[in-house]
Amino acid sequence: MAKKKDSEKHEDGQRGKYNKDDADANELENFVDDITDEELLGDILQKRPKVSDGVDTVIIVDGVPQVNPERFEKLKVVITKIFAQFGKILNDYYPKSENGHTKGYIFIEYEKHESALEAVTQANNYKLDKQHTFLINLFSDYKKYNDIPEKWEPPTIQPFPERPNLQYFLSEPDAFDQYYVYNINSHIEVWLNSNPQPTKLVEREKWTESLIMWSPLGTYLATLHKQGVVLWGGPNFTNVLKLSHRNVQFVDFSPCEQYLVAYAPLDNGEQKLTIFDIRTGAEKRSFISDAPMAGNVLRWSKDDKYFARIGHNTLSVYETPSFGLLDKKSITVNGIRDFSWSPRDNVLAYWVAEDKDVPARVVLLEIPSRKEIRANNLFNVADCKIHWQKAGDYLCVKVDRYAKIKREKGDVKYSGMYFNFEIFHMREKNIPVDSVEIKEPIHAFAWEPIGSKFAIIHGEPSNNSVSFYNVKSGQAPVLLKKLDKHFCSHLFWSPAGQYIVIAEIRDSGALEFVDTADFTTMCSTEHYKATDIEWDPTGRFVATGVSSWKTKGDTGYWIWSFQGRILNRFNTNTYCHMQWRPRPPTLLSAKQQKDTKKSLKKYTSQFETKDKMRMTKASKEVIDKRRKLIKEFEEYRSKRLDDWNKQKAERMAIRSHIDTDELDSDDKNVQVEKVEFLVKEEVTVID
């Protein structure tokens, strides 16, 4: 064998070296590290900084009572109760002297910086008692004030984040209302109910992950997501506010839109209620409730100053903006079942069930004085329903009474049922109460929104009657009209009063539009299988819908005039729900509204002219569109005829040079058959 040269040996050595490196690289690629960081560096990782280590979440509370060790736990409970309402407390520290007495100041650490800011804003100068008033500062403020530079520099001017005009929809020149349409797969459309055809304003896919709803004054459009709630507003429906609340399933606004309550289920079957300030997005207070998700556990007064909830034999009333209990204690009410706020006054109406020989009671409670301004005892009561008239002038309590009661193994069975409507005259001295008794089953009750009438559907399901009553000051309710033999189930008053839709929305979808001024039926029609009916906020239009959530086939929504004339039909297989955008109350006084109605005739001609111009414009657009379509069709037809004529030679070659373009061109293969039949027979009888 020949010897290798030195250069060849060097190359072989290098080649062997490279192969070894490649093998090591392959082993590294397949290497799996199964040792965790905690096992290797556990003692070091325990000392790593945490999110909560910052001082932005810490506040210093001065003015705290100096107490001995025996009273320390009681002081801590009071302090925690006051400051826990602003957010979750992670730590608290009470400095003490050598003898164990507190020094009069404490440190509290929150989970979020926003909670610390809220505590400083809301609880500063809080008067605990006559001798102690809290003075609160952020811990970070001490460093800021100690490090004040000798030379003052003006702060940098921050750009002003201009918010969209949230009330733009109220300045619509023709007062057209908006509504949203919820379709399958969370496909949302916002429409303007313009004339003669609605105009689509916004269309977005998967705008929400569960529900969507307008705020009570129409300012916001709320959508629900896994991470929380988003509020949209402005002409383009831009993102106005995000509220974090995981797994939220339902939201409720306060009447003046200052606060929002988010409901989310917990793993133990309870639900968490969190109140947010809509202006700042701050979390104000939270509750844990075992009430069902569908109900509004927290109910608000008309001015957002108070909200209340029912506990076990208690009625708890809270005040804002402190969100603490009114007078720092709940109201003990044994056997309380339900309550409702007056829509115009800070008055609560609640009812208490019977307890052996103690009768049921309906109580009117004034807030914040907690004074009982009226109480009414009721006997043989199975259930009560509270119905306030929109103006708060009257309260109706529907009372389900029984003739006999039977208790078996914990179950209660009633027989001989009859019904009473207890009418409270809220604006009269001593609040007198009148009663209307009806022996037949009650299916629906509804107050006239503007006015003093109310309507009742009663009787057997196959033969219902609709009765209208009027309530006047100092008089018992008077029966105005009884409509017999009506197949109906629901009542829908116009927001402006006077007009009502009597509907059957379970099977047939029958609709009856009635003018209660003289109780004439303006129109009797139907929207087959209708599941939803809703008036627009002005009382000019009615929307009926067949939701794909409740039925299959023929889904969609129709828009009617208040007189029952069909205006538009939108039939779609994806329709689920629609809702009109609410309007805030008018700023005009009663006198100004009355004067406007009197002078309405002056503007009638202008409105009619404008409507005619709009219809003429619409007609012109339709005619132009049709002419364009006809022209396009004629051009297309002309091209196809030219192609057909050019292909005649090919057709002749295929068909043995027989022209089959005309029916009489091939008389051998055509059979003519005459058919005669009797069209008319006349018989003349001559005497």
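Select A360 and L378 to begin: A360 stands opposite L378, which belongs to β24. The model is predicted, so treat each stop as a computed feature.

Now extend the selection to the two strands. β23 covers residues 360-366, and its pairing with β24 is antiparallel, with 7 bridges.

Next, show the whole sheet. The sheet is open and has 4 strands, ordered β21-β22-β23-β24, with antiparallel pairing. Colour residues 336-341 and 371-378 to mark the edges: these are β21 and β24, and each of them pairs on one side only. Looking across the sheet, the average twist from one strand to the next is 15°.

Leave the sheet and select I59, V61, I79, F83 and F134. These residues have the most contacts inside the largest nonpolar core, a set of 22 residues. To see where the core comes from, display β1 (58-62), α3 (69-83), β3 (105-110), α4 (113-123) and β4 (135-138); each supplies at least two of the core residues. Which element gives the largest share of this core? It is α3, with 5 residues. In soluble globular proteins, nonpolar side chains tend to be buried together.

Centre on I59 and show what surrounds this residue. Setting aside neighbours within four places in sequence, I59 is in contact with F83, I106, F107, I108, Y110, A116, A119, V120, I136, N137, L138 and F139.

For the last stop, select A349, W388, L395 and V397. They are among the 18 residues of another core, which lies apart from the largest one.

Note on methods. Residues are numbered from 1 along each chain as its sequence is written. This is a predicted model: local features need pLDDT of at least 70, side-chain atom pairs count only at pLDDT 80 or more; totals for chains, interfaces and linings use all residues. Side-chain values use heavy atoms; hydrogens and water are left out. A nonpolar core is a set of buried Ala, Val, Leu, Ile, Met, Phe, Trp, Tyr and Cys residues joined through side-chain atoms within 4.5 Å. Buried means under 20% relative accessible area, exposed over 50%, partly exposed in between (1.4 Å probe, protein chains only). Contact means heavy atoms within 4.5 Å. Two strands pair if DSSP finds at least two bridges between them. Axes are lines fitted to C-alpha atoms, for helices over the stretch in contact, and angles run from 0 to 180 degrees between N-to-C directions.
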